[in-house]
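Here is a quick briefing to read alongside the structure. It goes topic by topic, so feel free to jump around.

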Amino acid sequence: ADSGNGRIGRWDRKVCPGVAGVKPEYAQVVADHVAATALKVGLEPGAPGCKVNVLIVFTGDADGFVKRSLKNHPYAYSRYDLEMTSGRKALRQFQGSDAPVRWWHVTHRVTEDGTQYNSGDQVQVYTTGRISSRTRDDFDRAIVVVDVTKVGQVRFAALADYLAFVSLAQIDPAAEPKTGSSILNLFADKAAGVDPQEGLTSWDVAYLTGVIAVRRLTPQV
């Protein structure tokens, strides 16, 4: 999935997970998995007390939670297109998803030096060229909703790694990797009667590392 303008959004540096809806000890496991994965792929986990930019919510009423939060906090989702997202069609799909886990990322447009700007703003671009754009899309926040009525019996550590993956990369909700094993197939494997992965695989780590590490400039055509 992209950020709405054909470019892939990425976390720039710090990731600060917050987990709600489960007992503190389980919330800590999920937060630790997100932080450990972020560190492993080249990001910096936020220090204790950091401002949460990855919110993971466990709920028995996922549809109700999404409906209420979109109504009460529309700007958290950039519902009115003030920032970059995957678009209104994708937001409707997020609202109506019947998946065990659904996610939504919001990005900011930034210049090469990290200065935020909005559509229509004038910004200083220091260099230009046919090869690269001098702006990029950085994640500002991610919202991940776990429907506890649909998760079923999976290893909690595996679920935590799944949540880390979909928090750190803007994954197409319909994606089911066919080349190599992946934690992204956690629920598909379970439904197919295949033993699912117990955690992040080497493919998963390589993918996340590549997404974070790649020079975040868009080719010009």
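**Briefing: helices, cores and confidence**

Let's start with helix 3 (residues 88–95), where Ala90, Leu91 and Phe94 are the buried residues. These three span an arc of only 105 degrees around the axis, so they sit on the same side of helix 3. Flip to the other side of helix 3 and you find Arg88, Lys89, Arg92 and Gln93, which are exposed. Keep in mind throughout that this is a predicted model.

**Overall layout**

- The chain holds seven helices and seven strands.
- Reading from the N terminus, the order of elements is β-β-α-β-β-α-α-β-β-β-α-α-α-α.
- Of its 221 residues, 45% count as buried.
- Take the contacts between residues at least 6 apart in sequence: 74% of them join residues at least 24 apart.
- The chain exposes about 11900 Å², and 51% of that comes from carbon and sulfur atoms.

**The cores**

- The largest nonpolar core has 36 residues, and the ones with the most contacts inside it are Ile56, Val101, Tyr162 and Leu163.
- At least two residues of this core come from each of helix 1, strand 4 (54–59), strand 5 (101–111), strand 7 (135–147), helix 5, helix 6 (186–191) and helix 7.
- Helix 5 makes the largest contribution to this core, with nine residues.
- If you want a way in, try Leu163: setting aside neighbours within four places in sequence, Leu163 is in contact with Val30, Ile56, Phe58, Val101, Val144 and Val146.
- There is also a second, separate core of eleven residues, which includes Ala90, Leu91, Phe94 and Trp104.
- That ties back to helix 3, since Ala90, Leu91 and Phe94 are its buried residues.

**Helix 7**

- Helix 7 (residues 202–213) is twelve residues in length and reaches 16 Å from first C-alpha to last, close to the 16 Å expected at 1.5 Å a residue.
- Its buried residues are Asp204, Leu208, Val211 and Ile212.
- Looking down the axis of helix 7, the buried residues fall within an arc of 95 degrees, so they line one face of the helix.
- What do the buried residues of helix 7 pack against? Their partners are helix 1 (24–40) and helix 5 (156–168).
- The face turned away from the buried side of helix 7 carries Ser202, Ala206 and Ala213, which are exposed.

**A loop residue to look at**

- Asn185 lies in the loop between helix 5 and helix 6.
- Is Asn185 buried or exposed? Asn185 has a relative accessible area of 9%, so it counts as buried, the cut-off being under 20%.
- Asn185 and Ala175 are ten residues apart in sequence, and their C-alpha atoms are 8.6 Å apart in space.

**Where to be careful**

- The mean pLDDT of the chain is 82, with 74% of residues reaching 70 or more.
- Over residues 119–133 the pLDDT stays under 50, and the model has 21 contacts beyond four places in sequence for this stretch.
- Residues 216–221 are also below 50 in pLDDT, and this stretch has 21 contacts in the model beyond near neighbours in sequence.
- Where pLDDT is low, the predicted coordinates should not be read in detail.

Methods:
Residues numbered from 1 in each chain as written. Predicted model: local features only at pLDDT ≥ 70, side-chain atom pairs only at ≥ 80, totals over all residues. Heavy atoms only, no water. Helix = DSSP H or I, 4+ residues; strand = E, 2+ residues; numbered from the N terminus. Expected span 1.5 Å × (residues − 1). Buried < 20%, exposed > 50% of the residue type's maximum accessible area, 1.4 Å probe, protein only. Arc of directions from axis to C-beta. Contact = heavy atoms within 4.5 Å. pLDDT = per-residue confidence, 0-100. Core = buried A, V, L, I, M, F, W, Y, C linked by side-chain atoms within 4.5 Å. Areas by Shrake-Rupley, 256 points an atom, 1.4 Å probe, with all protein chains shown as cover.
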